[in-house]
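User: Could you show me how to read burial, salt bridges and confidence, taking each idea in general and then in this case?

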Amino acid sequence: MSLLKSILLRNRFTILLATLSLYMLVLVMEGALTGREARVIDFENPFFDLNIRDFEDFQDSQRNEDDKDFLTDESTIL
Amino acid sequence: MNRLASIPFVALLWREVLENRTLFIWAPVMLALVLFVFAAWLISMAPNDQVSISIQYLSEIFDGLSPLEIAPILMILAVPFMVILYVCALIYLLGALYQDRKDLSVLFWQSMPISNATTVLSKVVTVAAVAPFFSVTVLLVFYTLALLCLTLLGVAYEVQVAGLGYLFLAALTSLILVYLSAFTATLWLMPTVGWLLLFSAFARRAPFLWAAGVFILIGFLEDFLFGSQYLANWVESRANPNQYLIYNLSDVTERMFSYDMLFGVLVGSILLLGAIFMRRFID
């Protein structure tokens, strides 16, 4: 225990590394256990709808369309 | 006050206020002054009948309304002060454990009978409780002066001003909500507070670049090495503006003891622990 302590508290960089490792470990473990996903930013108001997931859906649909176009072009060339 | 100042922790808080009065006291005072002058300029530019009608309208709207119901709406007026508070808190936290190493006053403070843990804790309490107190006090003076001027103008124009009393009560209630919001927001942002203090204690120069750079690097590394995005997800899950505001006094207990809040405090405590150990090393 004292050896571990002396290694971890040797200098500034070991303390930083140990702290960040523990920080990441706790975050990742909690994220994995609770299945944490990003809560989308959703502003509810009577004037407009803003939902970050909409942008992701939009991006996905654009990507699918791009892929379709690419495949059509490839088949035309062939 | 002298008896209070003899308690080491209170003395540490007092030291923080004295050393950072520009950030915590003069910044909100200057903002209030600018807003007050701007409002006075607007009123002086408007025609007299429009000013009297506006004051009467304001008085009639708020007449007889419950301050508790109006207070959340009046919190909007405090938004510029809260923005200034958070900007000042960011500057303060980045320099809190860096500045005294830079000017070597850390040697003096470490010769005093105060532990590193107490010193770091005093920085956190300063940001969470002391700095919002000054912002709210400045807001209180600002509201009082503004409503006093409106009342005097209303009397001069011979307009009914009884409703302005209800407006003042609602403004006072909103200040309690603003203070509680600032306090709980700091607890909610405890991982950020811990992160900034850790790099403030670590960096030999440019603590902001270290704090921002390592944060971005860790996010990329997690994605690159493990293909997961827990860090980004976690940050995003705590970025909803509603999580930072208290609209009702009954919300406080529920918010303070929620799972997300307590987990955030735990993660922040890990980083604060790192900052406390880091303080052993003085360049």
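**Reading exposure, salt bridges and confidence**

Analyst: Since exposed means over 50% relative accessible area, Ile53(B), at 54% relative accessibility, counts as exposed. This is a predicted model, and in it Ile53(B) belongs to helix H4 (residues 48-62) of chain B.

User: Which residues does Arg15(B) pair with in salt bridges?

Analyst: The test is a side-chain nitrogen of Lys or Arg within 4 Å of a carboxyl oxygen of Asp or Glu. Arg15(B) forms one such bridge with Glu16(B), where the closest N and O atoms are 3.9 Å apart, and another with Asp100(B), where the closest N and O atoms are also 3.9 Å apart. Because Arg15(B) lies in helix H2 (residues 8-19) and Asp100(B) in helix H7 (residues 99-102) of chain B, the latter pair ties together parts that are 85 residues apart in sequence.

User: Is Glu16(B) buried or exposed, and what does its side chain meet besides Arg15(B)?

Analyst: Glu16(B) has a relative accessible area of 1%, so it is buried, and its side chain meets that of Lys123(B) in a salt bridge of 2.8 Å, N to O. That pair links helix H2 with helix H9 (residues 116-156) of chain B, across 107 residues. Through shared partners, salt bridges join Arg15(B), Glu16(B), Glu19(B), Asp100(B), Lys123(B) and Arg279(B) into one network.

User: Where in chain A is confidence lowest, and where is it highest?

Analyst: Where pLDDT is low, the predicted coordinates should not be read in detail. In chain A the lowest confidence falls in strand S1 (residues 42-43), at a mean of 53, and the highest in helix H2 (residues 12-34), at 89.

Terms used. Residues are numbered from 1 along each chain as its sequence is written. Chains are lettered from A and ligands numbered from 1 in the order in which they are written. This is a predicted model: local features need pLDDT of at least 70, side-chain atom pairs count only at pLDDT 80 or more; totals for chains, interfaces and linings use all residues. Side-chain values use heavy atoms; hydrogens and water are left out. Helices (H or I, at least four residues) and strands (E, at least two) are DSSP runs, numbered from the N terminus. Buried means under 20% relative accessible area, exposed over 50%, partly exposed in between (1.4 Å probe, protein chains only). pLDDT is the predictor's confidence in each residue, from 0 to 100.
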